[in-house]
Amino acid sequence: MSDIASGDMGPWLSPEELAFVRRKVPMLYVDAVPVQLNDDGSLNSVGLLLTVADDGLTRSLVSGRVLYHESIRDALVRHLEKDLGQMSLPQLPVNIVPFMVAEYFPTPGEGWHDPRQHAVSMAYIIPVMGDCNPSSDSLEINWFTPGELKTPELQGEILPKHVGIVKRALATLGWV
């Protein structure tokens, strides 16, 4: 786990300061695609969090900012434990190399869009071996087969900025 004290896990900046920084500096995020694998190592299912958004319920990936002076590995562990619970037993690889890098721009039409900021997100496929008990802002985690994830109905429930990451993860795992 991170060397950052649990009491320091709140925002390091006030909301006003964070909004100012987001207008001036690209923010670094990690996205984790939790997966359950079959005994032969093939993909069984992908986990999506059910969360409350401004416009209702939505499905999303484990995602969050990398804090100042926090390693990528520690950020992944922190977000996985926060969103999936401490008994989820995520299996992080020895070599932390993302399967994709997503770049978000505040200007529509210039790639992926996040109206709040210019952000760079490194995405990882993370096998989960234990029991998931979502905490924090998530209501539950649901596991979907690759076939289910390809349906327009389910893709319509996924947070728009995560749909592309889910599609790329499926392609990376051989489900084109």
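Which strands are included in what covers the buried residues of H2? The close-up views below begin there, and they come from a predicted model.

**View 1. Helix H2 and its cover.** Strand S1 (27-37), strand S2 (43-53), strand S4 (62-65), strand S7 (119-127) and strand S8 (138-144) are included in what covers the buried residues of H2. The helix itself runs over residues 72-84. Look along H2 for its buried residues: Asp74, Ala75, Leu76, Val77, Arg78, His79, Leu80, Asp83 and Leu84. You can also check the length of H2, because at 1.5 Å a residue its 13 residues should span 18 Å, and the end C-alpha atoms are indeed 18 Å apart. After the helix comes Gly85, with a positive phi near 95 degrees.

**View 2. The largest nonpolar core.** This view gathers 24 residues, and Val33, Val46, Leu48, Leu149 and Ile165 have the most contacts inside the core. At least two residues each come from S1, S2, strand S5 (100-105), S7 and helix H5 (160-172). H5 gives the largest share of this core, 5 residues. To see how one residue fits in, pick Val33: leaving aside residues up to four places away in sequence, Val33 touches Val46, Leu61, Phe99, Tyr124, Ile125, Ile126, Ile165 and Ala169. There is also a second, separate core of 17 residues, with Val66, Leu76, Leu84 and Leu92 among them. As a background idea, nonpolar side chains in soluble globular proteins tend to be buried together.

**View 3. An aromatic pair with a charged neighbour.** The structure holds 1 aromatic pair. It is made by Tyr104 and Trp112, whose ring centres are 5.5 Å apart; their planes meet at 55 degrees, so the pair is tilted. How buried or exposed are the two partners, Tyr104 and Trp112? Tyr104 counts as buried because its relative accessibility is 4%, under the 20% cut-off. Trp112 has 29% relative accessibility and therefore counts as partly exposed. Now find Lys161: its charged end sits over the ring of Tyr104, 5.9 Å from the ring centre.

**View 4. Two loop residues with a positive phi.** Most residues other than glycine have a negative phi, and this view shows two residues with a positive one, His69 and Leu89. His69 lies in the loop between S4 and H2, and its phi is near 65 degrees. With a relative accessible area of 75%, over the 50% cut-off, His69 is exposed. Leu89 belongs to the loop between H2 and S5, with a phi of about 50 degrees. The relative accessible area of Leu89 is 41%, so Leu89 is partly exposed.

**View 5. His162 and its contacts.** Which element holds His162? The residue is found in helix H5, and at 2% relative accessibility His162 counts as buried. His162 and Leu61 make a nice example of what folding brings together: they are 101 residues apart in sequence, and their C-alpha atoms are 6.7 Å apart in space. The side chain of His162 reaches the backbone nitrogen of Leu61 at 3.0 Å. Not counting residues up to four places away in sequence, His162 touches Asp31, Ser60, Leu61 and Ser63. Leu61 also appears in View 2, among the residues that Val33 touches.

Note on methods: Residues numbered from 1 in each chain as written. Predicted model: local features only at pLDDT ≥ 70, side-chain atom pairs only at ≥ 80, totals over all residues. Heavy atoms only, no water. Helix = DSSP H or I, 4+ residues; strand = E, 2+ residues; numbered from the N terminus. Expected span 1.5 Å × (residues − 1). Buried < 20%, exposed > 50% of the residue type's maximum accessible area, 1.4 Å probe, protein only. Contact = heavy atoms within 4.5 Å. Core = buried A, V, L, I, M, F, W, Y, C linked by side-chain atoms within 4.5 Å. Phe/Tyr/Trp six-rings, centres within 6.5 Å; stacked < 30°, edge-to-face > 60°. Lys NZ or Arg CZ within 6 Å of the ring centre and 35° of its normal. Polar contact = N/O pair within 3.5 Å; in protein donor to acceptor, adjacent residues only side chain to side chain.
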